[in-house]
Structures are given as structure tokens and as C-alpha cells.
Amino acid sequence: MGYSTILPCKRLISEDKAMRTPLVLTRRSDFRDFVSAEKKKGRTLGFVPTMGALHEGHASLLRKASAENATSVLSVFVNPKQFGPNEDFARYPRTFDADVAIAAEAGVTAVYAPTVEEMYPAGFKTGVKVSTITDVLCGAMRPGHFDGVCTVVTLLLNLARADKAYFGMKDYQQLAIIKQMCRDLAHPTEIVGVPTIREPDGLAMSSRNRYLVGDSRQVAKAVPTALATAAKSFLDGETSSENLLNKARAIFAAAALTPQYLDLRDAESLELIQGKVERPAVLAVAQIIPKVECRLIDNVVLGKEEFYKSLLSDLIRRTQSEG
Ligand code: AMP
């Protein structure tokens, strides 16, 4: 088809699956040509940006993108601009063949996997910055992180020209920032939030969970348990933000953990809730698991709408089932 860097995924070339093997594109120009060709054919396009090391959480985004669009594209790019100098950029897991296999299973049409030089060629000078909502939660702990996220997501969205792009509610602040950015800059792509996929015991799936070796995996369970305890109290009728926070704080204290932050914020503006929860509110936490120094983030949205209530009930059930 004329793309200079289309690499087939070796693992997947079998008679029956060959039709579903995604194209692998590594050059910006090839990605652009691919998108143009799909658009000329009148196909809708769904886009899922990731840093790879895919798991079932990413797969749910990919399945949704494939189900809702004629063409679906996954990007795999570990973005150096969103890692601080002392963070895990170098050791971030890279599992590309397995990622393409997961993409194939999810019905993905193409995978865009550029190098750092391809994304940020010499002379790259542009950054995208969203104010205020980037200053709280993870933004307060990771200076410059969301500038890196906004820059790479803008670049990827401009290349993909997708009808819809899919982001996980797992990274709730990121989703809120990207929605804000696309609204402010009149980006034509619709941003779709997808619920967090969890392990059977409630731990949110994350590429970083593989750092949780030995008893740190059990320690990490305090994170979903704390959120579930507050969620249960909310579903039982508690609306005081202080009481809800205290429920979660008690679980962390019992596990001898000190969260980097544990905040209850308006689900849209991300402003701190004072007093009662009267609109959907996000209870968000970041916790470094000691010994393995693995930083986990997680959240729940406390809302009375059926959509939120069913997610809260699911989390409560999971944390109780293996309690
Ligand atoms: P990452 O590769 O970690 O940057 O994640 C890529 C996308 O997958 C982001 O939109 C994440 O929010 C989303 N994601 C990561 N983990 C999960 C999960 N457990 N459930 C749903 N979406 C997720």
C-alpha cells in the first residue's frame, strides 16, 4: 500500500488471523498517509493512545474503539516529556510484540509506534500547557508531567484526526485535562472516558503493577479497599466530605501507608469539595508502595447516577470478595 515502514507483527502471521494483523507504522508521514486513505474510504476512526505494556484495561479501550469505529488505531509511545528526571522512564516496561498481539485480538486496524526522534525531531520547540487543573493532585507532585502529556496528546490527536479518542477513567485527572484542552482548542476529536478495569480483588490494572513483587501486592490492596470503604459509606447515604475522607484515611493508617494525596474534588472542575457532596465528586489517591517504590494512582467517582453507582458497587464487591 505504499507505506515505507509497515512491519507485520511476526507472532500473528497465521492463516486464520492474517486478516486481523494490524499494520505497524513507525513514521509520522506513514501514519498521516494511512489516516488520509481511511478517511477517503469514508471510514470512521477511533484512536487509543498508550505507552504500551498493555493489559486488560488498555484492551477494553481498544475493544470499544474497534466496536464504535470502522478503523481503530493504537499508539504505543513511552513519552519522555511526561517523566520527571527521577522517574521510571528508563525502566518503564516495553513489551511491543505482546502489545500488537493484544491489539490484534481487540480488532485494531493499525498500531503507530514512533521513536522519540520521530515524535520530537531536532528543533522541536512547542509545548502545550493547560492551567489550574494541572496544578493539583498528580500535577502538584509531578512538575511538568501534564505539559508533557498535553504536548504528546495534541501531536498524536493531530496526526490521528480521529472521530473519537478513548482515555481511561483510571487516569482521571488526565482525562479531565484532555477534555478541557480539546474544548478550549476546539479540537474536533470527541474525547471518550472509559471505566477503570480492575483485578478480581479491586486493584486497578496498571502497567506499573508488575513492580509489585512479594508482599507489596497485598499492601497495594489497601488502595482500592480505602476507596471502596468511602464508596460504601457514600452509597449508604453519607455526604459529608470530611466523613467520607476519614473512612478512606482510616484504611491507609491501618496499613501504615501515607498517601501522597487523598482528595475529594468536583468531578468536572477538580475543585476541592468543602462540606457536602452534592454533585459527582472524584475521590482520588496516589500512594507510593514502600520497598518497591511503586507509585499507584486510583480513584472513584461518588455520584448518585446509575452509571457511577454500578461502578462503585463493582469495586465494593471486589474488595470484599477476597477480604
Ligand atoms: P498508559 O499506557 O498507562 O498511558 O495508559 C493508556 C490509556 O489506558 C490511558 O487512557 C489510561 O487511562 C488507560 N488505562 C490504563 N489503565 C487502565 C485501566 N485499568 N482501566 C481502564 N483504562 C486504563
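User: How far apart, N to O, are the side chains of Asp-215 and Lys-291 in their salt bridge?

Analyst: This is a predicted model, where local features need pLDDT of at least 70, side-chain atom pairs count only at pLDDT 80 or more, and totals for chains, interfaces and linings use all residues. Residues are numbered from 1 along each chain as its sequence is written, and side-chain values use heavy atoms, with hydrogens and water left out. A salt bridge is a side-chain nitrogen of Lys or Arg within 4 Å of a carboxyl oxygen of Asp or Glu. Asp-215 and Lys-291 meet in one, with an N to O distance of 3.9 Å.

User: How many residues apart are Asp-215 and Lys-291 in the chain?

Analyst: Helices (H or I, at least four residues) and strands (E, at least two) are DSSP runs, numbered from the N terminus. Asp-215 sits in the loop between β6 (190–194) and α8 (216–220). Lys-291 sits in the loop between β8 (281–289) and β9 (294–302). The pair links distant parts of the chain, and the separation is 76 residues.

User: Is Arg-142, the partner of Glu-87 in a salt bridge, buried or exposed?

Analyst: The closest N and O atoms of Arg-142 and Glu-87 are 2.6 Å apart. Buried means under 20% relative accessible area, exposed over 50%, and partly exposed in between (1.4 Å probe, protein chains only). Glu-87 has 30%, so Glu-87 is partly exposed. Arg-142 has 11% relative accessibility, so Arg-142 is buried.

User: Which residue forms a salt bridge with Asp-266?

Analyst: Asp-266 has a relative accessible area of 10%, so this residue counts as buried. The N to O distance in the bridge is 3.0 Å. The partner of Asp-266 is Arg-279.

User: How many salt bridges does the structure hold?

Analyst: Some salt bridges form a network, and one such network links Glu-38, Lys-41 and Arg-43. The total for the structure is 18.

User: Which element gives the largest share of the shell around the ligand?

Analyst: A residue is near a molecule if one of its heavy atoms lies within 4 Å of it. By that rule, 17 residues surround the ligand. β2 (45–50), α2 (56–68) and β5 (164–168) each supply at least two of the shell residues. The largest share, three residues, comes from α2.

User: What percentage of the ligand's exposed area does the protein bury?

Analyst: A polar contact is a pair of N or O atoms within 3.5 Å. A backbone N or O atom of Ile-197 lies 2.9 Å from a ligand nitrogen. Taken alone, the ligand exposes 480 Å² (Shrake-Rupley method, 1.4 Å probe). The protein buries 92%.

Technical notes:
A polar contact is a pair of N or O atoms within 3.5 Å; within protein, one must be able to donate a hydrogen and the other to accept it, and residues adjacent in sequence count only if both atoms are side-chain atoms.
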